[in-house]
Amino acid sequence: MTAIPAGWQSTTSGELCEYITSGSRGWKSFYSDDGVLFIRTQDINQDKLDVAEAARVSLPEKVEGKRSLLRAGDILVTITGANVGKAAIVPEGIPEAYVSQSVGLMRLKDKRLGPFLHYYLQSEQTGRKHVMSKVYGMGRPVLNLQNLREIPVLLPPLPEQRRIVAEIEKQILLLDAGVAGMRRVQAIRSCRMP
């Protein structure tokens, strides 16, 4: 067993959250062209929340789904379908939006933990590894909310979390710049081909 670094905490996702829920059933009947955003699994395809193609719903006056109203800093995890296990963090400034029953919503007690937990849930050695070990179902993979509550988390102190997140984001920027440079070279080479 590996020793926990000084100041780090061994906990679970459930202990870090106010609550973990998913959207209500039956929202499909409320789809509209100009309602509020309705987040589905396909909106979390690349471990990012992309609302460009998000559905919209026109809410009835009495809606049980208010518990699934998104707030900045919430963590979303797909719990059914081909994207099962993908995670996204809700950004600041998101317009009114709700999650479907196929998306788990993790509302953190301290939203400052969100950036670290988001990357932790993407890690093939930690969060994603655990989540994917809990997937069940033939044909249509599924996670349940209890699976989301039981994710073991090794949580560093907040300053260390910020350092880790900054380093990850720096490496992502370098990778993106390298890919863009490679594409430019490929484009130039294809133009020179007779």
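**Notes on a predicted model, starting from Leu143**

1. Let's begin with one residue: Leu143 counts as buried, with a relative accessibility of 3%. Keep in mind that this is a predicted model. Along the chain, Leu143 sits in the loop that runs between helix 3 (127-133) and helix 4 (145-149).

2. What does Leu143 touch, once residues up to four places away in sequence are left out? The partners are Thr78, Ile79, Val84, Gly85, Val131, Lys134, Val135, Tyr136 and Leu148. Ile79 deserves a second look here: 64 residues separate Ile79 from Leu143 along the chain, yet their C-alpha atoms are 4.8 Å apart.

3. Now for the whole protein. You should find 5 helices and 9 strands. Going along the sequence, their order is β-α-β-β-β-β-β-β-β-α-α-α-β-α. If you want a feel for the dimensions, the C-alpha atoms fill a box of roughly 60 × 55 × 40 Å along the principal axes.

4. How much of the protein counts as buried? The figure is 42% of the 194 residues. On the outside, the protein exposes about 11,500 Å², and 55% of that comes from carbon and sulfur atoms.

5. Contacts across the sequence are worth a point of their own. Take the contacts between residues at least 6 apart in sequence: 73% of them join residues at least 24 apart. The charges can be summed up briefly too, with 26 positive and 20 negative ones whose mean positions are 4 Å apart.

6. On to the aromatic rings, where the structure holds 2 pairs. Tyr31 and Phe38 make up one of them: the ring centres are 5.8 Å apart and the planes meet at 65°, so this pair is edge-to-face. The cut-off behind that label is an angle over 60 degrees. Is each partner buried or exposed? Tyr31 is partly exposed at 35% relative accessibility, whereas Phe38 is buried at 4%.

7. Phe116 and Tyr120 also pair, with ring centres 5.9 Å apart and planes at 35°, so that pair is tilted. Both residues belong to helix 2 (residues 114-122), and being 4 residues apart there, they are separated by about one helical turn. Phe116 is buried, its relative accessible area being 8%, and Tyr120 counts as buried at 12%.

8. A quick word on cysteines. How many disulfides are there? The count comes to 0. As for individual cysteines, Cys17 is buried, with a relative accessible area of 5%, while Cys191 is exposed, with 67%.

9. One backbone detail to check by eye is Asp47. Most residues other than glycine have a negative phi. Asp47 is not a glycine, but its phi is positive, about 60°. You'll find Asp47 in the loop between strand 3 (31-39) and strand 4 (55-57). Despite the loop position, Asp47 is buried, at 8% relative accessible area.

10. If you only have a minute with the viewer, try two loops. One holds Leu143, between helix 3 and helix 4, and the other holds Asp47, between strand 3 and strand 4. Leu143 is buried at 3% relative accessibility, and Asp47 is buried at 8%.

Conventions: Residues are numbered from 1 along each chain as its sequence is written. This is a predicted model: local features need pLDDT of at least 70, side-chain atom pairs count only at pLDDT 80 or more; totals for chains, interfaces and linings use all residues. Side-chain values use heavy atoms; hydrogens and water are left out. Buried means under 20% relative accessible area, exposed over 50%, partly exposed in between (1.4 Å probe, protein chains only). Contact means heavy atoms within 4.5 Å. Accessible areas come from the Shrake-Rupley method with a 1.4 Å probe; for residues, only the protein chains shown count as cover. Lys and Arg count as positive and Asp and Glu as negative; His and the chain ends are not counted. The place of a charge is taken as NZ of Lys, CZ of Arg, CG of Asp or CD of Glu. Rings of Phe, Tyr and Trp (its six-membered ring) pair if their centres lie within 6.5 Å; planes under 30 degrees apart count as stacked, over 60 as edge-to-face and the rest as tilted. A disulfide is a pair of cysteine sulfur atoms within 2.5 Å.
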